[in-house]
Amino acid sequence: MENLSKHIPVLVNEVIAALQPETGKTYLDGTFGGGGHARAILDTSAPNGRVVAVDRDENVTVFAEAVAKQYGDRFEFHVLKYADCDQLEREFDGAVLDLGMSTDQLTGSWRGFSFQRNEPLDLRFETTGQTAAQFLQQSSASAIEQVFREYAQDRYAKKLAAKIVNERRVRPIRTTTDFVEYVGTNNPKVLAPLFQALRIHVNDELVNIKRGLEVVSSVLRPGSVLAVISFHSLEDKIVKEFFRGSDYELLTKKPVEPTQEEIKNNPSSRSAKLRTGRKRLTDTSIE
Ligand SMILES: C[S@@+](CC[C@H](N)C(=O)[O-])C[C@H]1O[C@@H](n2cnc3c(N)ncnc32)[C@H](O)[C@@H]1O
């Protein structure tokens, strides 16, 4: 069956080893993307395991339709943030969250996720709220500085924010190229964190992760495994703290990272960190 997505799922064997999907059980994929993890769970939980998947980007629906075609009613998809998955009014036997963005969003969505392409500087997963270009055109220097400082740890955050605010009336920022010109370098080591900082801000990503972990946890049955893959230290810190302070038995004392072979085959996996935990049985569930 043709897979339309170009995204290669990260740490997929390790996620499956942690979840140990079984037939007859139902799993939540909170970040469906191209459906790589969902497919792996469906394959390993045949013949009757189910996956309920959500994603906040409605553009992934096309990939969800392909999965539905292949797996029939073992699979369902909703355009939803995982922080809202309690709205589904379901309970799950395991869940995976694969944070961040997919290759399809990076290379095929025309929303400015890649600084290597000249596209509108949008960076939203959804179609509501302020775009990154609007944020840079309309916000105060201190608000812009804060985003670059907190989310990109950029040493020149103050200087860059001042330059944007001083010149944006005559040199408006509409596209990725407009913004790259303000930064004044093509160095990916400088640009990648700045683009990521804007993406984190416009999508309110860190708040979504914090709230999302709590909500996903609330819909997991005791004894179920939660697997979370993060891609940068701000995300990983939240995940680590969540597992430490919550009602989970840690299955990974140290995060699992991709092997050199996986990184070679899929360079986008290089910064991935997988943390997994098993939701503890409550007093009432131990009979
Ligand atoms: C790294 S990709 C997931 C790839 C997927 N696991 C696969 O194997 O194809 C992350 C996906 O999560 C989605 N996403 C990001 N934040 C989200 C949120 N708070 N709720 C739901 N989906 C989210 C993005 O739109 C993106 O499609």
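Which residues are the closest to the ligand, and how many surround it?

1. **Ligand shell.** This is a predicted model. In it, 24 residues surround the ligand. The closest are P9, T31, G33, G34 and G36. By type, the shell divides into seven nonpolar, 12 polar and five charged residues. Three elements each supply at least two residues of this shell: helix 2 (36-44), strand 2 (50-55) and helix 10 (205-218).

2. **Strand 1.** Strand 1 spans residues 26-29, and both of its faces are covered. T26 and L28 are buried on one side. Y27 and D29 are buried on the other.

3. **Strand partners.** Strand 1 pairs with strand 2 in the parallel sense, over four bridges. The chain travels from strand 1 through helix 2 to strand 2, and this β-α-β crossover is right-handed. Strand 1 also runs parallel to strand 4 (residues 92-98), joined to it by two bridges. L28 is a useful landmark for both pairings. Opposite L28 stands V52 in strand 2. Also opposite L28 is A95, in strand 4.

4. **Helix 3.** Helix 3 covers residues 61-71, and its buried residues are F63, A64, V67 and Y71. Why do these residues lie on the same side of helix 3? They cover an arc of only 100° around the axis, so they share one side. The face turned away from that buried side carries V62 and K69, which are exposed. The cover over the buried residues of helix 3 includes helix 2, strand 2 and strand 3 (75-79). Just after helix 3 comes G72, with a positive phi of about 60°.

5. **Backbone points to check.** Most residues other than glycine have a negative phi, and most peptide bonds are trans. Three places here deserve a look against that background.

 - A46 and P47 are joined by a cis peptide bond, with omega about 5°. P47 sits in the loop between helix 2 and strand 2.
 - E89 is not a glycine, yet its phi is positive, about 50°. E89 lies in the loop between strand 3 and strand 4. Is E89 buried or exposed? E89 is exposed, because it has 7 other C-beta atoms within 10 Å, and 12 or fewer counts as exposed.
 - Q153 is not a glycine either, and has a positive phi of about 45°. Q153 belongs to the loop between helix 6 (141-152) and helix 7 (157-167). Q153 has 12 C-beta neighbours inside 10 Å, so Q153 counts as exposed.

Key: Residues are numbered from 1 along each chain as its sequence is written. This is a predicted model: local features need pLDDT of at least 70, side-chain atom pairs count only at pLDDT 80 or more; totals for chains, interfaces and linings use all residues. A residue is near a molecule or strand if its C-beta atom, placed from the backbone, lies within 6 Å of it. Ala, Val, Leu, Ile, Met, Phe, Trp, Tyr, Cys and Pro count as nonpolar, Asp, Glu, Lys and Arg as charged, and the others, Gly among them, as polar. A residue is buried if 20 or more other C-beta atoms lie within 10 Å of its own, exposed if 12 or fewer, and partly exposed in between; C-beta atoms are placed from the backbone. Two strands pair if DSSP finds at least two bridges between them. A crossover is right-handed if, with the strands pointing away from the viewer, the path from the first strand over the helix to the second runs clockwise. The arc is that of the directions from the helix axis to the C-beta atoms. Two residues are in contact if their C-beta atoms, placed from the backbone, lie within 7 Å.
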